[in-house]
Amino acid sequence: MPATVLLFWSFAGLAVLSALLCITRKNPVASALWLVVTMFQIAALFVLLDAQFLAVLQVLVYAGAIMVLFLFVIMLLNLGRGGASDIRGPAGLAVATLLAGALGLQLFIVARTAPAGTPGASQMALAEQAEGMVGVVARPLFTTYLVPFEITSVLLLVAIVGAVVLAKRQL
Amino acid sequence: MLLGPALSVSAVLFALGVAGVLVRRNAIVIFMCVELMLNAVNLTFIALAQSLGIAGQIFVFFVMAVAAAEAAVGLAIILALFRHGRTVNLQNITLLKG
């Protein structure tokens, strides 16, 4: 088994394990910290799938910014200390496991039917060698996908205004 | 080479996110599970970008931007809800019930 595949499965196993811990911990702070671990493992998987730049973004934006925002709100609302568990009772738990299991199985079967990737260096790896890690993402982003990129900036502006309006007691 | 395994892992992660949304009652934890589902989808995009071209990676970029905006607005809504009812437990939030 090549080292890449071995590394992939170890990071994938850790990601699934920490995601499982994230959804089962009673304490929201513990949940959030396990989700940070999951995001780091997914960033490692991104590197193995030839997406180094997005792996960096994953750590900076997801594990860095978004999860800190979550932790900040949890601690602001003082939800970190114990109290009653928010996990549903046995009936709800059974239904949820059944539904999520069925969905997981369906997605798994769909994933199985995917064509096997081409062996050897992938198309992405070759493009990265030619243009560089950032260049390969930046060039299409600022040419083909320029309009969606600009619209995203408007979306972020709307989100900022919305968050301020919602969080303020009165304008 | 890693396409099949990556798709399987992302299927498992997505199902775990769905399970979290269904099992938990804490609004913030449910929100975190939605982020987990977004991450699983990002993994699919990047696995397919390996053989189908750069568009998948560009999409992940946009998903991250939308997730950041969603987190900011969603957490502001949760803050407003908490200020209104002193709880983030979705069982106790019944504003829309007649």
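How close do the axes of H7(A) and helix H3 of chain B come, and at what angle do they cross? Here are my notes on this predicted model.

1. To take that question straight away: the two axes come within 9 Å, and they cross at roughly 10°. H3(B) covers residues 55-85 of chain B. Angles under 35 degrees count as roughly parallel, so H7(A) is roughly parallel to H3(B).

2. Now the residues in that pairing. H7(A) brings a set that includes A:Thr152, A:Leu155, A:Leu156, A:Ala159 and A:Gly162. On the H3(B) side you'll find, among them, B:Phe62, B:Val66, B:Ala69, B:Val73 and B:Ile77. Sorted by class, the residues of this contact are 17 nonpolar and two polar, with no charged ones.

3. Zooming out to the whole interface, 69 residues of chain A are in contact with 61 of chain B. Helices of chain A that each supply at least two residues to this side include H1 (3-24), H4 (90-112) and H7 (146-167). The chain A side has 56 nonpolar residues, ten polar and three charged.

4. Chain B on its own has three helices and zero strands, which reads α-α-α along the sequence. Its radius of gyration is 17 Å, well over the 13 Å the globule rule gives for 98 residues, so chain B is more spread out than a compact globule. Along the principal axes, its C-alpha atoms fill a box of roughly 50 × 25 × 20 Å.

5. Two last figures for chain B: 56% of its 98 residues count as buried. Of its contacts between residues at least 6 apart in sequence, 46% join residues at least 24 apart.

Notes. Residues numbered from 1 in each chain as written. Chains lettered and ligands numbered in written order. Predicted model: local features only at pLDDT ≥ 70, side-chain atom pairs only at ≥ 80, totals over all residues. Helix = DSSP H or I, 4+ residues; strand = E, 2+ residues; numbered from the N terminus. Rg over C-alpha atoms; globule rule 2.2 N^0.38 Å. Buried ≥ 20, exposed ≤ 12 C-beta atoms within 10 Å, placed from the backbone. Contact = placed C-beta atoms within 7 Å. Nonpolar A, V, L, I, M, F, W, Y, C, P; charged D, E, K, R; others polar. Axes fitted to C-alpha atoms, helices over the stretch in contact; angles between N-to-C directions. Parallel < 35°, antiparallel > 145°, perpendicular 65-115°, else oblique.
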